[in-house]
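The exercises below are to be worked with the sequence and the coordinates at hand. Each task is followed by a solution in steps.

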Amino acid sequence: MSHAPSTIEITRPDDWHLHLRDGALLERVVPATARRFGRAIVMPNLVPAVTTVERALAYRERILAACPAGAGFEPLMTLYLTDETPVSEIAAAAKSPHVAGVKVYPRGATTHSSEGVSDLTERGAVLEALASSGLPLLVHGETTDPDCDVFDRERVYLEETLSKVIERYPALRVVFEHITTLEAAEFVRDSPARVAATITPQHLLLNRNAIFAGGLRPHHYCLPVLKRERDRRALLAAATSGDPSFFLGTDSAPHPRAAKEADCGCAGIYSAPVALEAYAEAFASVGALERLEGFASHFGADFYGLPRNTGRVRLIAEPWSPPAFEGDGESALRVFLGGEMLRYRVVD
Ligand code: DOR
Ligand code: ZN
């Protein structure tokens, strides 16, 4: 039995993969992230998508306007890559102090990806521009071949597309987002330091049985979908290994209850209100809480070439249970792990 610490203090963390939406939903969800995290990489899959620096800067203003006063939260913006993105837009993004990366959604892979890239290997000029600028390419790594088994889509995309792009552009910096498989974890571990990965709390805590536990659980459906227990264990080993190529990215992706509990429910798990505690739970489960700070607060900033945060956050061992929902009725948001017992609580 390892002795679990009763209190742990870490540098204020950052979230290197986050969906904040827009409009009324944006206003509802920004405070949960701004309360805990210093910065977040904000995903650009709005409608219309954030395809230009101009749109990214306007979106950034809307996010800042929705932040509670004095939050000291900094949104780091991303551009949504399309088949038409010109090299000049990549150059403009690289120059902007507020744009931290360019996101590739394989066309049709997930929520609001219909304007995404049809074949990344064909986007040579843009990949050259990214490689020479140093701006990272943030990759949703799943093949969109409808005949490919949904549980194999990450592995196949890695084999057929991502590994080739990484090999072909030796200066390209890549974040393989929300990895879900043992194969992805091994690939990143064995790649040079210019290749990193984010890992979500749900992929550290749950395997695919959670989607079918006692019935269909739409609130455990996200993309890439939860995988097998061997994958969860490999991800947990990677996250707690101290390897700086793995860092925190919640992929918190709110959808109103009615859009999740539906005939064709949306993919996405809303974890922002409990994210840090959920990661603490995962790390504590293998007696590795002393590795949480690197993963949550150091490695992402180092990869993005940004200073580490200076604030501190304290967690204490005090069991608690988050609320199942935020809000009421059809627009309520199901909170990840709501109603479950968590062993660590953040001291506000
Ligand atoms: O589960 C997911 N939700 N995966 C994604 O890739 C997109 C996200 C969303 O925007 O809802
Ligand atoms: Zn995402």
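**Exercise 1. The zinc site**

Which protein atoms are the donors of the zinc ion (ligand 2), and how far from it do they lie?

Solution. The model is a predicted one.
Step 1. The protein donors are NE2 of His17, NE2 of His19 and an OD atom of Asp251, at 2.0 to 2.1 Å from the zinc ion (ligand 2).
Step 2. Written along the chain, the spacing of these donors is H-x1-H-x231-D.
Step 3. For burial, the cut-off is under 20% relative accessible area. His17 has 1% relative accessibility and therefore counts as buried. His19, at 7%, also counts as buried.

**Exercise 2. The surroundings of Asp14**

Place Asp14 in the chain, decide whether Asp14 is buried or exposed, and find the polar partner of its side chain.

Solution.
Step 1. Asp14 belongs to the loop that lies between β1 (7-11) and β2 (15-18).
Step 2. Its relative accessibility is 0%, so Asp14 counts as buried.
Step 3. Setting aside neighbours within four places in sequence, the contacts of Asp14 are Phe37, Gly38, Arg39, Leu248, Ala296, Ser297, Ala301 and Asn309.
Step 4. With one of these residues, Asn309, there is a polar contact from side chain to side chain at 2.7 Å.

**Exercise 3. The eight-stranded sheet**

Give the strand order of the sheet that contains β2 and β9, and explain what sets its edge strands apart.

Solution.
Step 1. The order is β2-β3-β4-β5-β6-β7-β8-β9, in an open sheet of eight strands with parallel pairing.
Step 2. β2 and β9 are the edge strands; each has a single partner strand, so one side of each has no neighbour in the sheet.
Step 3. From one strand to the next the twist averages 30°.
Step 4. Two pairings can be checked in detail. Strand β3 (residues 39-42) runs parallel to β4 and is joined to β4 by four bridges, with Leu76 in β4 as the bridge partner of Ile41. β8 and β9 are paired in the parallel sense over three bridges, and here Ile199 has Leu248 in β9 as its bridge partner.
Step 5. Helix α5 packs on this sheet, where it touches β6, β7 (174-176) and β8; the directions of α5 and β7 make an angle of about 175°.
Step 6. Within the sheet, strand β4 (residues 74-80) is mostly covered, with six of its seven residues buried.

**Exercise 4. The three-stranded sheet**

How are the strands of the sheet with β1, β10 and β13 ordered and paired?

Solution.
Step 1. This open sheet has the order β1-β10-β13, and the pairing is antiparallel.
Step 2. β1 and β13 (342-347) are at the edges with a single partner strand each, which means that one side of each lacks a neighbour in the sheet.
Step 3. On average, and with direction ignored, neighbouring strands of this sheet are turned by 35° against each other.
Step 4. α10 packs on the sheet and touches β1, β10 and β13, its direction making about 135° with that of β13.
Step 5. Between strand β10 (residues 312-320) and β13, which run antiparallel, there are five bridges. Trp320 is opposite Leu342 in β13.

**Exercise 5. Two helices and their cover**

List the buried residues of α4 and α8, and name elements that cover them.

Solution.
Step 1. In α4, Gly124, Val126, Leu127, Ala129, Leu130 and Ala131 are the buried residues.
Step 2. Their cover includes α3 (87-95), β5, β6 (137-139) and α5 (153-168).
Step 3. Gly134, just after α4, has a positive phi of about 85°.
Step 4. In helix α8 (residues 229-239), the residues Asp231, Arg232, Ala234, Leu235, Leu236, Ala238 and Ala239 are buried.
Step 5. The elements covering them include α6 (182-190), β8 (195-199), α7 (201-205), β9 (246-248), α10 (275-285) and α11 (292-304).

**Exercise 6. Ligand 1**

Which of the 13 residues around ligand 1 come nearest?

Solution.
Step 1. They are Arg21, Asn45, Thr110, Leu223 and His255.
Step 2. A nitrogen atom of ligand 1 lies 2.8 Å from a backbone N or O atom of Leu223, and a side-chain N or O atom of His255 is 2.8 Å from an oxygen atom of the ligand.
Step 3. A polar backbone atom of Ala267 is 3.0 Å from a nitrogen atom of ligand 1.
Step 4. Thr110 sits in the loop between β5 (99-104) and α4 (124-133); at 18% relative accessibility, Thr110 counts as buried.
Step 5. Beyond four places in sequence, Thr110 is in contact with Tyr105, His140 and Leu223.

Technical notes
Residues numbered from 1 in each chain as written. Chains lettered and ligands numbered in written order. Predicted model: local features only at pLDDT ≥ 70, side-chain atom pairs only at ≥ 80, totals over all residues. Heavy atoms only, no water. Helix = DSSP H or I, 4+ residues; strand = E, 2+ residues; numbered from the N terminus. Buried < 20%, exposed > 50% of the residue type's maximum accessible area, 1.4 Å probe, protein only. Polar contact = N/O pair within 3.5 Å; in protein donor to acceptor, adjacent residues only side chain to side chain. Contact = heavy atoms within 4.5 Å. Donors = N, O, S within 2.8 Å, 3.2 Å for Na, K, Ca; no water. Pairing = 2+ DSSP bridges. Axes fitted to C-alpha atoms, helices over the stretch in contact; angles between N-to-C directions. Near = heavy atom within 4 Å.
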